[in-house]
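Hi,

Here is the structure I promised to pass on. Have a look at it first, and then read my notes on what turned up.

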Amino acid sequence: MIEILRFGGRKEQDDTWTIFDRRTGEIAERFGLTMAGLNKNVVLGAGRDP
């Protein structure tokens with residue numbers, strides 16, 4: 001079975017990144033924070049320990 005990821009990341013025109021819900025198209029929220037205006041490293045996970 002192929003797993004389809006629920007959330008995706010997209011680069012905005014102002015060079016920030018947004019995490020969005022692929023099912024609804026809405027911007028994701030986590031702990032009450034809107035996942036928009038983010039740094040690329042936060043969205044793509046660069047710099048994390050394996």
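Arg-10 is partly exposed, because its relative accessibility of 31% falls between the 20% and 50% cut-offs. Keep in mind that this is a predicted model. Arg-10 pairs up with Glu-12 in a salt bridge, with 2.9 Å between the closest N and O atoms. Glu-12 also counts as partly exposed, at 26% relative accessibility.

Glu-12 has another partner too: its side chain makes a polar contact with the side chain of Thr-18, at 2.8 Å. Thr-18 sits in strand 2, and with a relative accessibility of 2% it is buried, since anything under 20% counts that way. What does Thr-18 touch, leaving out residues up to four places away in sequence? The list is Gly-8, Gly-9, Arg-10, Glu-12, Ile-27, Met-35, Ala-36 and Gly-37. So both members of the Arg-10 and Glu-12 salt bridge are on the contact list of Thr-18, if you want one place to start looking.

Back to the charged pairs. How many salt bridges does the structure hold? There are three. Besides the one between Arg-10 and Glu-12, you'll find these:

- Arg-6 with Asp-21, where the side chains meet at 2.7 Å, N to O. This pair links distant parts of the chain, 15 residues apart: Arg-6 lies in the segment before strand 1 (7-11), while Asp-21 belongs to strand 2 (residues 17-21).
- Lys-11 with Asp-15, where the closest N and O atoms are 3.5 Å apart.

Are the residues in these two pairs buried or exposed? The Arg-6 and Asp-21 pair is mixed: Arg-6 is partly exposed at 35% relative accessibility, whereas Asp-21 is buried at 6%. Asp-21 gets that label because 6% is under the 20% cut-off. Lys-11 and Asp-15, on the other hand, are both exposed.

On charge in general, the protein chain carries 8 positive and 8 negative side chains. The centres of those two sets lie 4 Å apart.

Gly-37, one of the residues that Thr-18 touches, is worth a click as well. Where is Gly-37 found? Its place is the loop between strand 4 (33-34) and helix 1 (40-44). Gly-37 counts as exposed, because its 53% relative accessibility is over 50%. Setting aside residues up to four places away in sequence, Gly-37 touches Thr-16, Trp-17 and Thr-18. From Gly-37 to Glu-26 you go eleven residues in sequence and 14 Å in space, C-alpha to C-alpha.

Now the whole chain, for your setup notes. The protein chain has one helix and four strands, and from the N terminus the order is β-β-β-β-α. Its C-alpha atoms fill a box of roughly 35 × 30 × 25 Å along the principal axes. There are 50 residues in the protein chain, of which 22% count as buried. The exposed area comes to about 4,500 Å², with carbon and sulfur atoms supplying 51% of it. As for contacts in the protein chain with a separation of 6 or more, 7% of them are between residues 24 or more positions apart.

That's everything from my side.

Cheers

Terms used:
Residues numbered from 1 in each chain as written. Predicted model: local features only at pLDDT ≥ 70, side-chain atom pairs only at ≥ 80, totals over all residues. Heavy atoms only, no water. Salt bridge = Lys/Arg side-chain N within 4 Å of Asp/Glu carboxyl O. Helix = DSSP H or I, 4+ residues; strand = E, 2+ residues; numbered from the N terminus. Buried < 20%, exposed > 50% of the residue type's maximum accessible area, 1.4 Å probe, protein only. Contact = heavy atoms within 4.5 Å. Areas by Shrake-Rupley, 256 points an atom, 1.4 Å probe, with all protein chains shown as cover. Lys, Arg positive; Asp, Glu negative; His and termini not counted. Charge placed at Lys NZ, Arg CZ, Asp CG, Glu CD. Polar contact = N/O pair within 3.5 Å; in protein donor to acceptor, adjacent residues only side chain to side chain.
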